[in-house]
Amino acid sequence: MKVSYQWLQEYLDIDVKPADLAEKIARTSVDINDVYSPSDGLKKLVVGYVESTTPHPDSDHLTLCQVNTGEDTVQIVCGAPNVVAGKKVIVALPGARIGNNIKIKRSKMRGELSEGMLCALQEIGFSENIAPKAYDEGIWFLPDDAKPGESVFPYLGMDDTIIDTDITPNRGDMFSMLGNVNDIAAFYDLKSHFKVQKVNENSSQLTSDLVAVNIADTQLAPTYKMRVIQDIQVKESPLWLQIRLWNAGIRPISNVVDVTNYILLKYGQPLHSFDYAKLPAKQIGVRFAKHEEPFVTLDEDERQLDSQDIVVTAGDKPVALAGTMGGLETAISNDTTSVALEAAIFDPILVRKQARRHDLHSESSTRFERGVNPETVETALNEAAQMIAELGGGAVTKGIVTGSERDLITPTIVLSLSRINHVLGTTLYVEEVVDIFDRLGFTTAIDGEQITVTVPARRWDVNIEADLLEEIARIYGYDNLPSTLPEQSSNIGALTERQQLIRTSRHVLEGLGLNQAISYSLTTTEKATQFQVEPHSNPMQLDYPMSQDHVAARMSLISGLLTDVAYNVARKQKDVQLYEQGRIFVTHPDQKRPEEQEHLAGVLTGELLTDNWHQTEHHVDFYDAKGIVERYLTNMALQQKISFVANHERKEMHPGRTADIYIGETLAGFIGQIHPQVAKDYKIPETYVFELNLELILAAAKKSRHYQLISKYPAISRDIALLLDEGTTNDEILAAINKKGGAHLVNVHLFDVYEGAHLPANKKSLAYTLTYQDSQGTLTEDQVNESFDKVVDYLTDQFNVEIR
Amino acid sequence: MGLREKLDELRQQGLKDVDSSQDLDRINDIRVKLLGKKGPIKEALRGMRDLSAEERPKIGQFANEIRDDLTRAIESKRAELEQAKINAQLAKETIDVTLPGSAVSQGQPHVIQQIIDQLVDLFIGMGYEVAVGDEVEEDHYNFEMLNLPKDHPARDMQDTFYVTPEVLMRTQTSPMQARMMEKHDFSKGPLKMISPGKVYRRDTDDATHSHQFHQVEGMVIGKHITMTDLKGTLEVVAQELFGDELKVRLRPSYFPFTEPSVEADITCFNCLGKGCSICKNTGWIEVLGAGMTHPNVLRMAGVDPDVYGGFAFGLGPDRFAMLKYGVEDIRDFYQNDVRFLTQFDQKG
Ligand SMILES: [Zn+2]
């Protein structure tokens with residue numbers, strides 16, 4: 001709410017600077033959006049008196065004005081159609097700064113000297129939504145008694161300071177001057193001079209003869225009251241009232257409407273004024289709208305109502321969308337002479353929902369949503385009726401017609417001093433606590449350390465002990481609270497084994513050169529389904545997504561990483577090596593929620609190490625990706641054997657360059673090059689990926705760490721080169737070598753792979769070093785030769801092989 | 001010429017030869033020639049038998065002195081030449097040390113992960129346990145158990161991705177409050193937990209909004225947990241992340257699951273409180289929300305609010321990272337531009 005500092009000063013003797021007051025409000029009551037003066041950034045804007053006007057000799061829409069600006073009279077060329085001699089106007093003198101940071105200079109307009117500019121409100125910083133419509137086409141006229149040469153700011157309320165508060169949902173009471181005055185009075189311990197204007201029912205007619213109100217469902221409108229003001233004239237409001245409104249961000253319209261808005265600001269009580277004569281019937285009610293019931297609101301929008309909307313009716317015909325916006329047909333116009341004025345409380349939830357449904361968030365609906373002070377419904381109605389009668393020259397009829405009225409709720413809460421100090425950590429005395437409640441206007445009764453507090457209805461957010469504790473804490477001041485730390489528990493702080501392993505997994509992959517990416521978990525249905533380690537059912541779908549790009553929960557991390565690669569490649573970043581650790585979501589038909597699996601995935605494309613004077617570039621390939629996965633899995637020290645098994649069937653993967661990864665007999669992931677067609681779809685180059693179901697790695701049995709004696713005895717090695725059929729795999733050869741290697745074979749190292757021109761077609765050469773060692777003694781050449789020959793014989797026997 | 005004169009001349013000539021040598025081979029030659037078995041000194045000493053018994057030891061001593069002198073001169077020259085040779089070799093081996101070193105690939109943790117890990121480590125040090133919750137939650141835990149019944153206005157502030165009427169993408173990490181309270185054995189002392197993770201809101205992505213972001217939830221529930229404990233804890237967090245010269249300010253706020261509720265601000269680290277565009281001229285930056293756990297929340301989780309109480313807080317690593325490093329677009333965190341990811345490589 002935009003709170004006027006000058007208006008506050010009418011009710012409180014405050015002498016702190018507005019900025020300091022705002023800081024105090026922020027620390028004690030509600031957040032502050034901004035503190036500003038309407039005149040910020042403006043200067044040299046003075047009152048001018050238009051002494052005479054003559055048409056511009058060279059233009060049919062410009063006027064030459066002789067304007068008295070205090071000391072002397074200057075000529076100003078003005079383009080406004082409403083400029084007329086004898087009016088007081090806003091003059092921007094040469095050197096002035098007006099809205100949008102525009103500087104005004106002495107100039108010539110079509111050959112005529114212009115020593116400044118006559119301004120409309122919009123030109124001195126007023127928003128289009130706030131400046132009164134009546135002056136839309138021209139300049140603004142100041143009151144006739146304004147003194148030429150004086151600054152215009154005080155005349156327009158622009159010397160005020162506005163404290164724009166950001167009100168939390170619980171503090172609906174702060175949507176009014178009254179609420180602000182009460183809270184400020186409490187925290188500064190000031191006396192409030194808040195003034196209430198009484199009504200003078202100066203018409204002889206009885207309101208109840210003019211309208212009847214029957215609220216069938218008091219749930220919809222727990223309180224509904226109405227008054228009638230007759231014989232009024234609708235006209236422009238006095239300037240002081242317009243200032244109050246525009247400084248609060250509300251456009252002045254006419255005396256009747258402006259009064260309702262003024263009362264809304266002052267009491268937080270939204271009012272609605274109907275043109276009495278135009279009410280289709282004089283029996284007022286409140287009901288749910290009918291499904292698709294048509295209704296034209298004030299903004300001339302023809303709406304289809306919802307059966308959960310609430311409407312105010314006259315003879316069952318809707319005349320207002322309750323608490324949200326009035327109807328066009330019964331709106332106040334210049335011809336209105338009689339006003340039916342409504343002051344009510346509508347159901348907050350229904351108002352909130354209908355405001356959302358119709359996208360009609362108004363000053364009224366905002367207040368109904370957060371609650372309205374039940375203490376001042378009638379006060380506000382009376383004061384508004386009185387002001388409308390005064391400003392419109394009319395009469396208030398006798399009595400209020402009440403359709404419903406809810407009793408005031410004033411909770412009584414018992415609180416003990418020890419409880420207060422126990423929860424807040426303070427050492428307050430009873431007197432201090434009672435003083436805080438006194439200042440807030442809460443009544444107290446003391447019995448030893450027991451304090452019984454009665455909360456006034458105007459603070460409907462305070463209902464339980466914890467609410468009172470908050471009141472004490474904030475008025476006492478959070479700054480005055482000491483700082484301590486919670487008692488120690490017997491818990492030793494540590495990550496769980498699972499959390500530690502996940503963290504280690506990340507660190508290992510980072511050590512291997514992959515940067516951690518965090519991608520979106522929600523993606524398209526197509527991407528959510530791609531690259532699954534194990535094919536699952538359909539992905540989890542959002543009920544009501546926001547964008548086509550995020551409709552389903554991912555079932556693999558790879559598609560997100562490929563999207564990241566595409567993003568990089570589109571930005572000329574061709575060398576991308578990323579990993580991601582995160583959840584995938586697997587739906588099960590018999591479960592309400594999906595299973596959330598931690599996965600680990602990586603993506604590699606481009607050069608592994610950038611080309612540099614010292615190293616040659618190296619384009620990533622399958623074996624780089626595999627090396628990373630192997631290293632990672634070695635670090636994870638799984639007891640079971642890891643194997644890579646070629647899989648030609650994965651739809652999104654290159655059929656000849658993809659392997660499934662097994663832990664023992666369990667499929668735990670896969671690795672490979674993505675299918676060139678998929679790469680094309682993603683708009684990325686040749687890319688290698690891997691994905692592992694981290695849950696399986698976390699759950700797998702780990703090797704226990706122990707030291708293996710390093711043999712003191714020398715190792716002996718033998719090299720063997722095998723010319724093989726192209727289809728023979730390294731795994732097959734290794735298995736054969738290990739099978740016949742004997743007890744002393746400690747290592748088999750593949751040192752060369754060759755396929756190409758020097759070999760017969762469909763042949764390849766694999767070369768291995770076999771290392772033999774005994775931990776108990778020195779091996780002899782004969783022992784080694786014997787073992788090695790067994791291997792050679794076996795290989796010759798098993799494979800179509802030529803030993804070279 | 002007497003033997004003494006002869007020896008003296010040998011010395012003069014020898015020293016001259018040594019001095020003029022330019023390489024190690026020559027020095028070697030001189031050593032062999034002068035000091036060898038067939039060298040002139042040995043030769044001269046052989047002539048001593050012609051001398052008197054009186055003179056013999058004197059000349060012998062003199063000859064030894066000359067031999068020692070020459071030996072010293074040769075060794076010193078040799079050392080000098082060897083050093084020169086090494087120096088020449090080293091000079092030849094000189095490289096441009098300003099050329100860049102070999103590229104070594106090293107990946108970095110994501111900046112949000114870094115902030116989460118920093119917080120996790122901080123709280124572990126204070127005896128907290130880390131509780132990781134599900135990203136797909138029940139409405140019951142995400143809202144109801146947090147004192148947010150259906151139709152509560154605060155639900156509007158958290159536009160939610162629903163999967164079914166009962167299941168949703170969690171909008172906050174707070175569901176772990178109820179889940180942990182239900183699990184905790186309070187006879188073993190207070191519950192102290194933090195819960196980091198991803199959360200989701202039904203938002204349109206732009207520079208300041210993301211439908212996916214992170215939160216870290218914290219909660220302490222025990223018999224003697226006070227609001228001053230909350231204040232002290234928030235100060236530790238803010239100062240750990242942003243520096244301990246910054247002040248912390250608490251101000252009232254509203255969350256349905258805490259009462260009293262507060263928002264914690266820190267002194268703007270950019271202007272140190274003077275006011276600037278980052279802090280919108282307030283001198284303060286909002287960093288987290290917190291409060292004393294609402295009795296309804298305790299009660300619903302089966303904890304007696306008359307006996308137990310405590311606090312909860314929630315903070316946003318994305319927002320922290322944006323503030324701390326001046327990241328202007330939240331989407332940068334999830335698009336994973338390598339130039340973005342590799343910037344946060346400081347380990348110290
Ligand atoms: Zn700042």
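Are B:Cys271 and B:Cys279 buried or exposed? B:Cys271 and B:Cys279 are both buried. The legends below describe close-up views of a predicted model.

**View 1. The zinc ion is held by cysteine residues of chain B.** The protein donors are the SG atoms of B:Cys268, B:Cys271, B:Cys276 and B:Cys279, which lie 2.2 to 2.3 Å from the zinc ion. Along the sequence, these donor residues follow the spacing C-x2-C-x4-C-x2-C. The angles subtended by the 4 donor atoms range from 102 to 114°, and the arrangement is therefore tetrahedral. For comparison, the ideal angle for four tetrahedral donors is 109.5 degrees. Among the donor residues, B:Cys271 and B:Cys279 are buried.

**View 2. Four acidic residues of chain A carry a "binding site" annotation in UniProt.** The unreviewed UniProt entry gives this annotation to A:Asp461, A:Asp467, A:Glu470 and A:Glu471. Of these residues, A:Asp461, A:Glu470 and A:Glu471 are included in the lining of the second largest cavity.

**View 3. A:Asp467 belongs to helix H13 of chain A.** This helix spans residues 465–476. The relative accessible area of A:Asp467 is 7%, so the residue is classed as buried, the limit being under 20%. When neighbours within four places in sequence are left aside, A:Asp467 is in contact with A:Asp461 and A:Val462 of its own chain and with B:Glu259 of chain B.

**View 4. A:Glu471 is also located in helix H13 of chain A.** Its relative accessibility is 2%, and A:Glu471 therefore counts as buried. Not counting residues up to four places away in sequence, A:Glu471 touches A:Ile436, A:Leu440, A:Phe442, A:Arg459, A:Asp461 and A:Val462. A:Asp461 and A:Val462 are also among the contacts of A:Asp467.

**View 5. Chain A and chain B meet at an interface that buries about 8,000 Å².** Carbon and sulfur atoms give 51% of this area. Three residues, A:Ile518, A:Tyr520 and A:Arg593, supply 10% of the area that chain A buries against chain B, more than any other three residues. In terms of contacts, 84 residues of chain A meet 97 residues of chain B.

**View 6. Residues 39–153 of chain A are listed by UniProt as "domain: TRNA-binding".** This listing comes from an unreviewed entry. Over residues 39–153, the chain is 43% strand and 1% helix. The C-alpha atoms at the two ends of this stretch are 7 Å apart.

Terms used
Residues numbered from 1 in each chain as written. Chains lettered and ligands numbered in written order. Predicted model: local features only at pLDDT ≥ 70, side-chain atom pairs only at ≥ 80, totals over all residues. Heavy atoms only, no water. Donors = N, O, S within 2.8 Å, 3.2 Å for Na, K, Ca; no water. Tetrahedral: all angles 85-135°; square planar, octahedral: opposite > 155°, others 65-115°. Buried < 20%, exposed > 50% of the residue type's maximum accessible area, 1.4 Å probe, protein only. UniProt positions renumbered as here; feature names shortened; annotations may be inferred. 1 Å grid on protein atoms, 1.4 Å probe; cavity = no way out; pocket = protein on both sides within 12 Å on 5 of 7 lines; lining within 4 Å. Helix = DSSP H or I, 4+ residues; strand = E, 2+ residues; numbered from the N terminus. Contact = heavy atoms within 4.5 Å. Buried area = accessible area lost by both parts, 1.4 Å probe.
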